[in-house]
Structure formats: C-alpha cells, structure tokens
Amino acid sequence: MRQAGRYLPEYRELRERHDFLTSCRTPELACAITLQPVRRLGVDAAILFSDILVPLPGMGIPVDFRPGPVLGRLVRTRADVDSLRVVEAEEATPFVMEAVRLVRRELPREVPLIGFAGAPFTLATYVVEGGGSKSHSGIKGLLVSDPETAHALLRKCAETVASSLCAQVRAGAQAAMLFDTWAGILSPEDVNTFVVPYARRVLERVRESAGASLVPTIYYAGDAAGWLEAAVETGAQVIGVDWRIDLAAARRRLGPRVAVQGNLDPAVLLGPVAEIRRRTERVLHGARCFEGPRAVLRPGPARGHVFNLGHGILPSTPPEHARALVDAVRELSTKETP
Ligand code: CP3
C-alpha cells in the first residue's frame, strides 16, 4: 500500500516546499520520496511514489488535491465519456517513467520496485464522482441507468491504465500492482460485470508486454469479503486484501493458484509495540493456515504471502512503530511454527 507519506518527517519537510502533484510530476522528487520509507523502514520492496489519479489529466480531466482529490470536470453522459482521450503513457505522463528509471538507479539491487495504477473501476469511480464520495451514488447510478456508457468509460480507463503499467514495466518496474480500492462498494454480481473483466484486461496487457521477463502482478481487492473468489479471475498472481477479512479465511477461499498479500489494519501501528507484534504474529499465522487434504485448517508453510498493511499508512503513525513492524515481520516470519 502507500508507504510514503505525511507520517514521515522527511516527507513533510519536502512537501513544505513542493505541492503533492508537483512532487508526483518531478522525477527527482518522486524518486527521493520513493526511497524515504525504504531507507527508514528497511522494507523488502519499494513502491513508486505517484498516484492513481496521475493519468487523468492526459484523458482530459484536470486533477487537484485539497488535500483530498478534486476533479476539474464531471463525467456522467455518453458524450462526456466519448470526449475522453486515451493517450499512451509515454506521451501523457513521461515523468512517471523517468521517475521509475531514477529509482531503479538508486535502489539497492535486492530491493525490487513495484509500479502501480488504479484499477479501471476505481479510476472510473473518481471520474464519475469528481472526487471522494460517501454514497458513490454517481457511479452506482450510472451502472444501473446507463450500463453502456459505464462500459465505454471502463474500456477507456482500462486502456489508459494498461498503457501506464506497461510503460512502467518497460522503464524498469519489477512488479505491477492494480489498486481496486472501491470495488467493494458493489454487489458480487456487479463486480463480475464491471470490475473483473476490466482488471483482467489490464493484467493481460501487462503480461503480454512483459513477454518472457517475470513481472509478478498484484491485484488489491478492497473490501472484498463478499466477492473474494472473483478476484482470482483477474488473473493476478497475488491478491491483496484488507483487514476486514481474516487472512486464514482469505487464504482458504483464494485457493492454491495465487499468493496473498496483506493484511494488518494500519491503525494497529498507532498502538504500543507489544500489541503491534502480537497482531503481526496473528497475520503471519493466518497466512500459514490453509486447507489440507482433509479440509482442516492446519499450520504449514505459507504458500506465498506478501506481508503488507491492509491499506495506506495513517499520517498519525509514529515512524518508529512502522520500523518496529518491519523488524517484527522479519523476525517472526522466519521463526518455525510449532
Ligand atoms: O509509497 C507510496 O506511498 C506509494 C504512492 C501512492 C500514493 N497513492 C501517494 C499518495 C499510492 C500507491 C497511492 C494509491 C492511491 N491513491 C489509491 C489506492 C490505494 C488506496 O489508498 O486506497 C487511491 C484511492 C488514491 C487516491 C488518493 N490520493 C486519495 C484519496 C488521496 C487523499 C487522501 C490522503 O490520504 O491524503 C491521495 C493523496 C496521496 N497519494 C498522498 C500520498 C502520499 C497524501 C498526499 C499528501 O498529503 O502529501
């Protein structure tokens, strides 16, 4: 999830001089911010500093952060959707790929860089709502009243996002992650219609463009307890989940074909270190539980678990607690379970 941000004094210091979007659009700044949590926390992987809304201006939608996202134009009708552009990422957002190249030069060889984009449905949610929303009545209303227009918008979002992820991989990103933060606002039926096919299309394009080089794909399925099995149909190799689902249950429901990523509640980092360690151990234990041949839950080697927070780190998190978490994961995940 997001590992850079306001909880780090070095991030706040940089942001006093540069606004958020300038930081995303200036490769040297994006590179410096990407490296901040890697240096301070000692995490195993870096995630590029950027935002899922960065491709929108290239589609013809101005974006601002005050501090939440505010879009400069509402997209609701078929004519609105038809006027949106699909531009290749190298043309629309060359600074993202330049940031990827800079980060790769600076990162230690053993620390991979994760490139990312918003999943088509989550991006479409922002496009239709014009920013954050509580009820999501704009996008949900569109799905039921004008599904053709919704599909046209999702197609354009999918092509834009695929172009961005493929370009990041070509520039040197070693894994590709899609964030579907808002897919969980839908019924399982709507997830199958409006979410999965478009995420799948994006990941297919990433795999095609990566060719023989091994680029793991990760699909973050927000609030997915009601439809988790469908997430596997995106074709991602790793499914990220939040804390609303027990990790052992998620592991079992996802089946043996995929690895799981997650899922500590970021709010746990606000608590004392002893409690952080206890809850980290619970997550690691959950990842080790899978259905054996007799369909009983039993501990065993984790079949592919990427430890992660279930969502972005909270701005009020003490940085030393985030460091304590990383240390705890290292220590506890190498320990044999009884
Ligand atoms: O290292 C990293 O942190 C990776 C960079 C990253 C950011 N956003 C930077 C950011 C990533 C992977 C994202 C993804 C993102 N952006 C998502 C999907 C994941 C999720 O959080 O659900 C979404 C929905 C967004 C859209 C977005 N960006 C919102 C709603 C906000 C405002 C809310 C907030 O937390 O302040 C942002 C701003 C944003 N994106 C910040 C960062 C570090 C905070 C900016 C600041 O105040 O300096």
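**Pockets and cavities: a quick tour**

Okay, let's start with the largest pocket: 45 residues line it, and the ones nearest its centre are Arg-2, Arg-6, Asp-51, Phe-65 and His-311. One thing up front: this is a predicted model. Which elements give two or more residues to that lining? They are helix H1, at 9-17, helix H2, at 20-25, and strand S2, at 63-65. As for volume, the largest pocket comes to about 1,300 Å³. If you sort its lining by class, you get 25 nonpolar residues, 11 polar and 9 charged.

Right, on to the second largest pocket. Its volume is about 890 Å³, and it has 35 lining residues. Look for Asp-44, Ala-45, Val-306, Phe-307 and Asn-308 on your screen, since those lie nearest the centre of this second pocket. Two or more lining residues apiece come from strand S5 (175-180), helix H14 (273-288), strand S11 (305-309) and helix H15 (319-333). And which of them gives the most? That's H15, with 6 residues. By class, this second lining splits into 25 nonpolar, 6 polar and 4 charged.

So much for the pockets; now the cavities. How many are there of 30 Å³ or more? The count is 2.

The largest cavity holds about 100 Å³ of space. It's lined by 14 residues, and nearest its centre you'll find Asp-51, Pro-55, Phe-116, Ser-164 and Gln-168. You may remember Asp-51 from the start: it is also among the residues nearest the centre of the largest pocket. Strand S4, at 113-118, and helix H10, at 147-171, each put at least two residues into this cavity's lining. The classes here are 8 nonpolar, 5 polar and 1 charged.

Last one, the second largest cavity, with a volume of about 60 Å³. For this one I can read you the lining: Pro-55, Gly-58, Met-59, Arg-85, Val-87, Ala-89, Ala-92, Thr-93, Thr-160 and Ser-164. Where do those come from? Helix H4 (56-59), helix H6 (89-92) and H10 give two or more residues each. By class we have 5 nonpolar, 4 polar and 1 charged.

If you want something to click on, try Pro-55 and Ser-164. Both line the second largest cavity, and both are among the residues nearest the centre of the largest cavity. H10 is worth colouring too, as it supplies at least two lining residues to the largest cavity and two or more to the second largest.

That's me done, thanks.

Definitions and conventions:
Residues numbered from 1 in each chain as written. Predicted model: local features only at pLDDT ≥ 70, side-chain atom pairs only at ≥ 80, totals over all residues. Heavy atoms only, no water. 1 Å grid on protein atoms, 1.4 Å probe; cavity = no way out; pocket = protein on both sides within 12 Å on 5 of 7 lines; lining within 4 Å. Points joined across faces, edges and corners; volume = space filled by probe spheres on them. Helix = DSSP H or I, 4+ residues; strand = E, 2+ residues; numbered from the N terminus. Nonpolar A, V, L, I, M, F, W, Y, C, P; charged D, E, K, R; others polar.
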